[in-house]
Structures are given as C-alpha cells and as structure tokens.
Amino acid sequence: MTKQGRFITFEGIEGAGKSSQIAPLADWLSAQGQPVVTTREPGGSPIAERIRTLLLDRTNTGMSGTAELLLVFAARAEHLAQAITPALSAGTWVLCDRFTDATYAYQGGGRGIAAERIAILEDLVQGTLRPDLTLVFDLPPAVGLARARGRGEPDRFEAERLHFFEAARAVYLARAAAAPGRYRVLDATQPLAEVTATVIRSVAELAQEEDAFSSADE
C-alpha cells in the first residue's frame, strides 16, 4: 500500500529567503530515496499561474480585499486539484512555497480581513487537508523588504508599505505560537548555510517521528 506523501510549506514575508531553501531540501529528500515535487502559491498549475499574474500585477490597482482573497482561494482550489492532492496520494512529498498561512498573514493581517472569513474558505477549498510541517522564515520586515527590493521591480505585494509586512509577520508568529506541533520558526537573518541545515534537521525530525522514509509499498 502506498503511503500518503508529506506536505511541507514554506512561509515568511518578502525577502525572508524561503524560496531559496526549497531546492536544497528537495535534493536532500531525493538523496533519501523519497519522491518529491516543488511548487508555489499562488500558482502551481496552469489556471492558478494565470491567477497569480493577476494578483501580482502592479497595474491592477484598487483591487478589493475580498476580490483578492477569492482569487487566492480560486488559485488554491486548482492547485490542490491538479497538483498537490494527486502527488500526496501517490506518496510524493510536496514542498510548497507559501500556502494558506500566507493568506491569514497577507489578506488577514495585511488587508484586515477577519480570520473567521478566511477559515470558511479554507474549509471549503481544503477540507481537512493541512500541512504536516510549516517552516516560518522570520526576520524584521525592514530587512526583508530591503532584500526583496534589491532584486528588481517590486510586484504588487512587494510594493506595499512596511506596516503591511509588520502585520503579516505578527500573524505568522501568532499562528506558530498557537500550534507549535506543526510550525518551526527559523531565524532568516542567519547565514544561508545555517538556515539550510536547520530546514533539513526539522524535516529529518518529522520523517523520523513518522517513519516516513520506510518502504512506500509494504
């Protein structure tokens, strides 16, 4: 019988360096003989990527918070149906650059949408699916923004003001504190190699706890 794959999400504000940590972890998992796929949100499937373009386009000014929230979950519904759920069912580990915690942080903290409204859509779109492990890459928002804006022209979210990201960071940390069994908060100001080592150690602990690398066909 094929074991269900594990679902690991990477979270953090702009410039936290989470995206650069996905490939090293994927390489490490592959070296353990574990099938793994990497993906991102918003996006991860053809329709979801088209929605991503709408959400990140700076020319789409004046979008209401509700419209933004619904677009995020529309993309997520497609992403789950086309990529995440089939991979997990096949026993593949899924590493996702952002997921629903980002919605609570950005649309909840940043836009001020009530968490209760987000939770309704979370249950509708995801059912009982939640990440097995969420890695929160934490750093001061001013540091993250300086990093992000040094990469080039900011997208629609990167162009937000500092207080937006301060609110988003606060939500991330509050959610991590409320459910320490699922979250690991990492100091994203540390050197890249140290952060990578912490990421791999966290996932190795998860695998050990669940005997996740034992034969998929027992």
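A residue is called buried here when its relative accessible area is under 20%. The structure is a predicted model, and the cut-off is applied below to one of its strands, β4.

Strand β4 spans residues 133-138. Both of its faces are covered. On one side, Leu133, Leu135 and Phe137 are buried, and on the other side Thr134, Val136 and Asp138 are buried as well. Because 6 of the 6 residues of β4 are buried, the strand is largely enclosed by the rest of the structure.

The setting of β4 is an open sheet. Strands of a sheet pair through backbone hydrogen bonds, and the pairing may be parallel or antiparallel. In this model, 5 strands form the sheet in the order β2-β3-β1-β4-β5, and their pairing is parallel. The edges are taken by β2 (36-40) and β5 (183-187); each has a single partner strand, so one side of each is left without a neighbour in the sheet. From one strand to the next, the twist averages 20°.

In the strand order, β4 stands between β1 and β5. Pairing between β1 and β4 is parallel and extends over 4 bridges. Within this pair, isoleucine 8 has leucine 133 of β4 as its bridge partner. On the other side, β4 and β5 run parallel and are joined by 5 bridges. Here valine 136 stands opposite valine 185 in β5, while phenylalanine 137 has leucine 186 in β5 as its bridge partner.

Two helices were examined in relation to the strands. Helix α1, made of residues 22-31, lies across β1 (7-11), β2 and β3 (93-97). Its direction makes an angle of about 175° with β3. Helix α3 also lies across β1, β2 and β3, and runs at about 140° to β3.

The search for enclosed spaces gave 1 cavity of 30 Å³ or more. The volume of the largest cavity is about 40 Å³. Its lining consists of Gly12, Ile13, Val136, Phe137, Asp138, Leu139, Arg169 and Tyr172. Two elements, β4 and α7 (162-178), each supply at least two residues of this lining. The largest share, 3 residues, comes from β4. Among the lining residues, Val136, Phe137 and Asp138 were described above as buried residues of β4. By class, the lining of the cavity has 5 nonpolar, 1 polar and 2 charged residues.

Open space was examined in the same model. The largest pocket contains about 500 Å³ of space. A total of 28 residues line this pocket, and those nearest its centre are Glu14, Lys18, Glu41, Arg52 and Arg98. The elements that give two or more residues to the lining are α2 (46-56), α3 (65-89) and α4 (100-110). Helix α4 provides the largest share, with 4 residues. Divided by class, the lining of the largest pocket has 10 nonpolar, 6 polar and 12 charged residues. Helix α3 thus appears in two parts of this description: it lies across β1, β2 and β3, and it gives residues to the pocket lining. Strand β4, for its part, belongs to the sheet and contributes to the lining of the largest cavity.

Definitions and conventions:
Residues numbered from 1 in each chain as written. Predicted model: local features only at pLDDT ≥ 70, side-chain atom pairs only at ≥ 80, totals over all residues. Heavy atoms only, no water. 1 Å grid on protein atoms, 1.4 Å probe; cavity = no way out; pocket = protein on both sides within 12 Å on 5 of 7 lines; lining within 4 Å. Points joined across faces, edges and corners; volume = space filled by probe spheres on them. Nonpolar A, V, L, I, M, F, W, Y, C, P; charged D, E, K, R; others polar. Pairing = 2+ DSSP bridges. Axes fitted to C-alpha atoms, helices over the stretch in contact; angles between N-to-C directions. Contact = heavy atoms within 4.5 Å. Buried < 20%, exposed > 50% of the residue type's maximum accessible area, 1.4 Å probe, protein only.
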